[in-house]
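Let's look at a protein model together and practise reading it. Have the sequence and the 3D view ready.

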Amino acid sequence: MYATTIDPVSAYQRVGVETGVESANPHKLILMLFEGAQEALIKAKIHIKHNEIAKKGEMLSKAIMIIDHGLKASLDTNAGGELALHLQALYDYMANRLLTANLKNDVEIIDEISGLLNELYGAWKAIENTTELCR
């Protein structure tokens with residue numbers, strides 16, 4: 001009786017992500033998490049600019065979830081040792097800073113975290129490129 005509205009762009013993006021996840025190796029999955037967090041931060045900044053508080057909160061929450069339940073959860077402190085522990089602390093820092101950014105509508109904090117994520121993304125990309133050269 002009630003028609004549901006389907007956003008074709010969202011549906012297409014969702015299928016693209018699902019297909020990418022299904023065919024990705026663990027290294028690529030981590031890269032996808034970084035990309036998803038960055039995309040959420042970009043959208044959060046746009047929502048702040050347009051004073052769309054609820055949508056801003058959704059995007060910052062999404063970024064926090066990706067960092068906390070994706071990136072941080074993927075760490076293996078047994079195999080990764082001290083590096084994994086430092087990354088764990090960095091991910092905690094990022095999540096806490098994004099909570100503050102959400103409360104204060106602070107674009108500078110979002111930019112700070114975006115920069116940190118970008119550095120880590122670059123490091124993961126470099127690892128991927130090194131791995132491909134060894135094949």
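The dialogue below starts with one helix, then turns to a residue and a pocket; keep in mind that this is a predicted model.

Q: How far apart are the end C-alpha atoms of helix 4?
A: A straight helix would reach 40 Å at 1.5 Å a residue, but the ends of this 28-residue helix, residues 77-104, are only 33 Å apart.

Q: Where does helix 4 bend?
A: Look at L83, where helix 4 bends by about 75 degrees.

Q: What can I see at the two ends of helix 4?
A: At the N-terminal end, D76 acts as a cap, with a side-chain oxygen 3.0 Å from the backbone nitrogen of N78. Just after the helix, N105 has a positive phi of about 50 degrees.

Q: Which residues of helix 4 are buried?
A: They are A84, L87, Y91, M94, A95, L98 and A101.

Q: Is Q38, in helix 2, buried or exposed?
A: Q38 counts as buried because its relative accessible area is 15%, and the cut-off for buried is under 20%. Beyond its neighbours within four places in sequence, Q38 is in contact with S114, L117 and N118.

Q: How do we find empty space?
A: Rolling a probe the size of a water molecule over the atoms shows where empty space is left. Here, the second largest pocket has a volume of about 270 Å³. Of its 14 lining residues, L75, L83, A84, L87 and W124 are closest to the centre.

Q: Which helix supplies the largest share of the lining of the second largest pocket?
A: That is helix 4, with five residues. Helix 4 and helix 5 (107-134) each supply at least two.

Methods
Residues are numbered from 1 along each chain as its sequence is written. This is a predicted model: local features need pLDDT of at least 70, side-chain atom pairs count only at pLDDT 80 or more; totals for chains, interfaces and linings use all residues. Side-chain values use heavy atoms; hydrogens and water are left out. Helices (H or I, at least four residues) and strands (E, at least two) are DSSP runs, numbered from the N terminus. The expected span of a helix is 1.5 Å times one less than its number of residues. The bend at a residue is the angle between axes fitted to the seven residues ending there and the seven starting there. Buried means under 20% relative accessible area, exposed over 50%, partly exposed in between (1.4 Å probe, protein chains only). A polar contact is a pair of N or O atoms within 3.5 Å; within protein, one must be able to donate a hydrogen and the other to accept it, and residues adjacent in sequence count only if both atoms are side-chain atoms. Contact means heavy atoms within 4.5 Å. On a 1 Å grid over the protein atoms alone, a cavity is a set of points where a 1.4 Å probe fits but cannot get out, and a pocket is an open set with protein on both sides within 12 Å along at least five of seven lines; lining residues have an atom within 4 Å of a point. Grid points are joined across faces, edges and corners, and a volume is the space filled by probe spheres set on the points.
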